[in-house]
Structure formats: structure tokens, C-alpha cells
Amino acid sequence: MTNKPTMRVTCPRCKGISFKTPVGERAQCPLCKYIWLPDIPFNNDWIFNQNMQGCADSIYKGLWVLQGIERNLGALDKERSIDVKLTLESGLTIDIQEKFRRAHYKEYWQFTVEYKNNPITNEPGEFYKLAANYYFYGYVNKKEDSFTDWWLIDLNVFKNLYADGTILHNYILQNEKRSNASALCFNFKNPELQRCFLRHPALKK
Ligand SMILES: [Zn+2]
């Protein structure tokens, strides 16, 4: 496991897959093995994510008594889609996958799960690796310093309801901005999806 900040990059040679890599270090494409030094991000998605991680941490601290928050989990992130590991006072751990969406995405009002990282090469996305306990999904305000709406989706409940056909995705989004990835979309108004929301007094609906 590494504890370095990471950013998401796409291979400039084959453009075949997007993946996370430590900031300021050489990256190697998992598909074509091309090695390059990506530009260090400035005032972009990376900064946005760093800021919103702090806001998410504040929410977690309001939900549980924590002794630790661990990010940049390396293989756990890559192979099991886990962005953050919370350690409770008791020592129990809670694994969370996170997605922070900018304000303009709010009009879609839907939970999106990356389906194929690259539909052309059939590279599986996070849908195939969802191992976290919860999925934190939040819409960010225009100033990008807090969440206007957020959910903690219980992934065990979600997976069971999806497996028996109770929850259906509304559609497959074929092209997410700035990547080739496709995504399964579930409207937040779907009462079956609402069964997956973690019940808690602090939970905003
Ligand atoms: Zn490549």
C-alpha cells in the first residue's frame, strides 16, 4: 500500500484505459506498458478531489467515532474499488468507495457506477469490483467547498437487490466526459434504490 496522493490518467499512446497513479511519478499503462511522466495536475480534478475528500471526512466524522481515515489504498482501490478505509474507535473498519460530482451533474439526479472502463477493449470498470461497505456519492456546491446533497449507499443491500432484479439500472451512459468509460445509471427517486440508503439522523435526503 502507498500513501501518496494519486490522480487518474489515460495512456497517451493507446488511450485504452484510465487508471490511478501517484502524482509526480512515472506511470505505466497496464495495457500497452507504455511508460511516461504525466503532468502534475494544477487547479483541476485532482485539486477538486483533494478538497472534497476533506469535506467527506467531516461527514464521516459526524456519522462515526473514528480513530483513523486512510486513503490512497493502492491495490485495494484498483482491484476492489475502495477509496477510503475508516477505522472506528472499536477497531472495526468500514470501506468506502467515493464519487464527487460537480454541481452541473445534479440535474441528472442519479447514482452512476462505472461499468466498462473502456467498452472497446471490454475493460471491466468499478461495477465488477464493488467490494466496499458503502458508496459515498455527493453533489458539490458551485463554490466547490461543500456538498449540497450526498448519499451513503449500502452496497450489500444494493448488490442483493440488483442480483435478484429488484433494482434495475435506468440506462447505460456510453460516454462519460473525458474518458471512454460507460456507466450504469440509477435514479435517486427510484424507491428500490432508496432501500439502499444508510439510515442515519444526519443523512440528508
Ligand atoms: Zn497504453
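These legends go with a set of close-up views of a predicted model.

**View 1. The whole chain, before zooming in.**
The protein is built from 4 helices and 14 strands. Its radius of gyration is 17 Å, close to the 17 Å that the globule rule gives for 205 residues, so the protein is as compact as a globular protein of that length. Along the principal axes, the C-alpha trace spans about 50 × 40 × 35 Å. Of the 205 residues, 24% count as buried. Among contacts with a separation of 6 or more, 50% come from residues 24 or more positions apart.

**View 2. The five-stranded sheet.**
Here we have an open sheet of 5 strands, in the order β5-β6-β7-β11-β12, with mixed pairing. At the edges stand β5 (66–71) and β12, and each has a single partner strand, so one side of each is left without a neighbour in the sheet. From one strand to the next, the twist averages 25°. Two helices pack on this sheet, and they make good landmarks: α1 touches β5, β6, β7, β11 and β12, with its direction at about 155° to that of β5. The other one, α3, touches β11 and β12, and its direction makes about 65° with that of β12.

**View 3. Strand β11 and its two neighbours.**
How many of the residues of β11 are buried? The count is 7 of the 7, so the strand is largely enclosed by the rest of the structure. Both faces are covered: Y134, F136, G138 and V140 are buried on one side, and Y135, Y137 and Y139 are buried on the other. That fits a familiar pattern: in a regular strand the side chains alternate between the two faces of the sheet. Next door, β7 runs parallel to β11 and is joined to it by 6 bridges, with Q97 standing opposite Y135. With β12 the pairing is antiparallel, over 7 bridges. Two of the residue pairs to look for there are F136 with L152 and Y139 with D149.

**View 4. The turn between β11 and β12.**
β11 and β12 form a hairpin, and 6 residues sit between the two strands. Look for E144 in the turn, which has a positive phi of about 60°.

**View 5. The largest nonpolar core.**
This core has 31 residues, and those with the most contacts inside it are Y134, Y135, F136 and I153. Several elements each supply at least two residues, namely α1 (45–63), β6 (84–88), β7 (93–101), β8 (110–114), β11 (134–140), β12 (147–154), α3 (155–163) and β14 (183–187). Which strand gives the most to this core? It's β11, with 6 residues. As a rule of thumb, nonpolar side chains in soluble globular proteins tend to be buried together. To see the packing up close, centre on I153: leaving aside neighbours within four places in sequence, I153 is in contact with F111, Y134, Y135, Y137, F158, C196 and F197.

**View 6. Helix α3, one face in and one face out.**
The buried residues of α3 are L155, F158 and Y162. Seen down the helix axis, these buried residues fall within an arc of 55°, so they line one face of the helix. What covers them includes β11 and β12. On the other side of α3, N156 and A163 are exposed. The helix is followed by G165, whose phi is positive, near 85°.

**View 7. The three-stranded sheet.**
A second close-up of strands shows an open sheet in the order β8-β14-β13, with antiparallel pairing. Standing at the edges are β8 and β13, each with a single partner strand, so one side of each is left without a neighbour in the sheet. Neighbouring strands are turned by 35° against each other on average, direction ignored. Between β13 and β14 there are 3 bridges.

**View 8. Y171 in strand β13.**
Y171 lies in β13, which covers residues 171–173. Is Y171 buried or exposed? With 12 other C-beta atoms within 10 Å, Y171 is exposed, since a residue counts as exposed at 12 or fewer. Across in β14, Y171 stands opposite C185. For a sense of scale, Y171 and G62 are 34 Å apart in space, C-alpha to C-alpha, and 109 residues apart in sequence.

Note on methods:
Residues are numbered from 1 along each chain as its sequence is written. This is a predicted model: local features need pLDDT of at least 70, side-chain atom pairs count only at pLDDT 80 or more; totals for chains, interfaces and linings use all residues. The radius of gyration is taken over C-alpha atoms; the globule rule is 2.2 Å times the number of residues to the power 0.38. A residue is buried if 20 or more other C-beta atoms lie within 10 Å of its own, exposed if 12 or fewer, and partly exposed in between; C-beta atoms are placed from the backbone. Two residues are in contact if their C-beta atoms, placed from the backbone, lie within 7 Å. A nonpolar core is a set of buried Ala, Val, Leu, Ile, Met, Phe, Trp, Tyr and Cys residues joined through C-beta atoms within 7 Å. Two strands pair if DSSP finds at least two bridges between them. Axes are lines fitted to C-alpha atoms, for helices over the stretch in contact, and angles run from 0 to 180 degrees between N-to-C directions. The arc is that of the directions from the helix axis to the C-beta atoms.
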